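Please open the model in your viewer and keep the selection panel at hand. The tour below moves from one selection to the next and says what is found at each stop.

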Amino acid sequence: EVSFAAMLTRIALVGVLSLSAASAFSVGSAPGVGLSLRSRPAVSARSTQRAFGLRSLKAQEETVKYDDSIALAQKERLYLDACAAFNVDKKSLVSDDDFEQLKSDLAFEGSEVIMFSRDEIKFMVATQRYKEGKPTMSDGEYDALRQQLKAENSPAALFDTPSCKIRDDGNSVCKADLSADDGKNALLYTPALVLVALLFNEYTFWSYGWDPLLSLIAGSPIIAGLTYALTNYVYFQSPYITKAQCPKCQTPQNIYFGDVLFVAHGLGLGKAPKQITTQCVNKACGADLKADRERMLVIADN
């Protein structure tokens, strides 16, 4: 009887253990783990929330703290980066207060970047992103924008150094940007201005007895109109002086487009050639240069 009772006790203990094991490894559980798969969505949700929180912190850490002790070139680069981040990436690279302080510092230091128009900033951002392998516009849009800015004589569209490439035949082609030489273009008006001003002063003094200073002030519109007409239609025809670096030796030089007293090209008014051929002023170089007024380029091809 004692052995039979002990046997019943053992059977009951085995049954309890079997029921416990069955509940632990029920349908939908992960074998050997003892955790139901129904608890995993909650764990995944918490993991997603933690990951999102880490990304948010990382995004906040990407904001740059402006340091006003950095060099001017670094400030200009930071300004362009901030404009690119706001207009292209739709995010803030620096805080609003730091951005306003950056603009004030650039204006105080006389930076040209702060005076750039929207199109100029757009072009510089596109150039920077292209170098980083992240183009923001197509090649056609980029070229059209650059030609527009070059026509406006914008410094943003002018490259500092000439560029060269090797053709299939092994010869090199180098090109550099042309830009207007405003000082020398203004000097073209000096001969006509002096002549017209003297003649107008003489006429008003002997005819009406006007004071020379008064006649210059009162007759300034007439003097300006006659000066423009004489300069652009008599002394010169469609004059335009540009400056560039030789694409080969990088020697600075001027290139003149237009006629002089109808004898430079003999094409008449308004028919000055848009492309001319000249030589580098550096005798040691002597490269043949082709200048294009419409594209504002000078090319050395050999």
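Contact, as the word is used on this tour, means heavy atoms within 4.5 Å. Helices (H or I, at least four residues) and strands (E, at least two) are DSSP runs, numbered from the N terminus. The model is predicted, so to speak of local features a pLDDT of at least 70 is needed, side-chain atom pairs count only at pLDDT 80 or more, and totals for chains, interfaces and linings use all residues. Residues are numbered from 1 along each chain as its sequence is written, and side-chain values use heavy atoms, with hydrogens and water left out.

Begin by selecting helix α8, residues 190–208. The expected span of a helix is taken as 1.5 Å times one less than its number of residues, and for the 19 residues of α8 this gives 27 Å, which agrees with the 26 Å between its end C-alpha atoms.

Now colour α8 by accessibility, where buried means under 20% relative accessible area, exposed over 50%, and partly exposed in between, with a 1.4 Å probe and protein chains only. The buried residues of α8 are A192, V196, A197, F200, N201 and T204. They lie on the same side of α8, because they cover an arc of only 150° around the axis, the arc being that of the directions from the helix axis to the C-beta atoms. Add α9 (212–218) and α10 (220–235) to the view, since these are the helices against which the buried residues of α8 pack. On the face turned away from the buried side, select the exposed residues L198, L199 and W206. Just after α8, G209 has a positive phi of about 70°.

Next, select β3, β4 and β5, which form an open antiparallel sheet in the order β3-β4-β5. β3 (179–180) and β5 stand at the edges with a single partner strand each, so one side of each is left without a neighbour in the sheet. Two strands are said to pair if DSSP finds at least two bridges between them; β3 and β4 run antiparallel and are joined by 2 bridges, and in β4 the bridge partner of A180 is T242. α10 packs on this sheet, touching β4 and β5, and its direction makes about 90° with that of β4. Such angles run from 0 to 180 degrees between N-to-C directions, and the axes are lines fitted to C-alpha atoms, for helices over the stretch in contact.

Stay here and select Q250, in the loop between β4 (236–245) and β5 (252–260). Q250 has a positive phi of about 60° although it is not a glycine, and it is partly exposed, with a relative accessible area of 42%.

The last selection is a sheet of 5 strands, open and antiparallel, in the order β1-β2-β8-β7-β6. β1 (163–166) and β6 (275–279) stand at the edges, each with a single partner strand, and the twist averages 25° from one strand to the next. β6 and β7 pair over 5 bridges, with A291 in β7 as the bridge partner of I276. β7 and β8 pair over 4 bridges; in β8, V298 is the bridge partner of A291 and I299 that of K290.

Where should you look for a positive phi in the turn of the β7 and β8 hairpin? Select M296, whose phi is about 55° in a turn with 4 residues between the strands. In contrast to the partly exposed Q250, M296 counts as buried at 6% relative accessibility.
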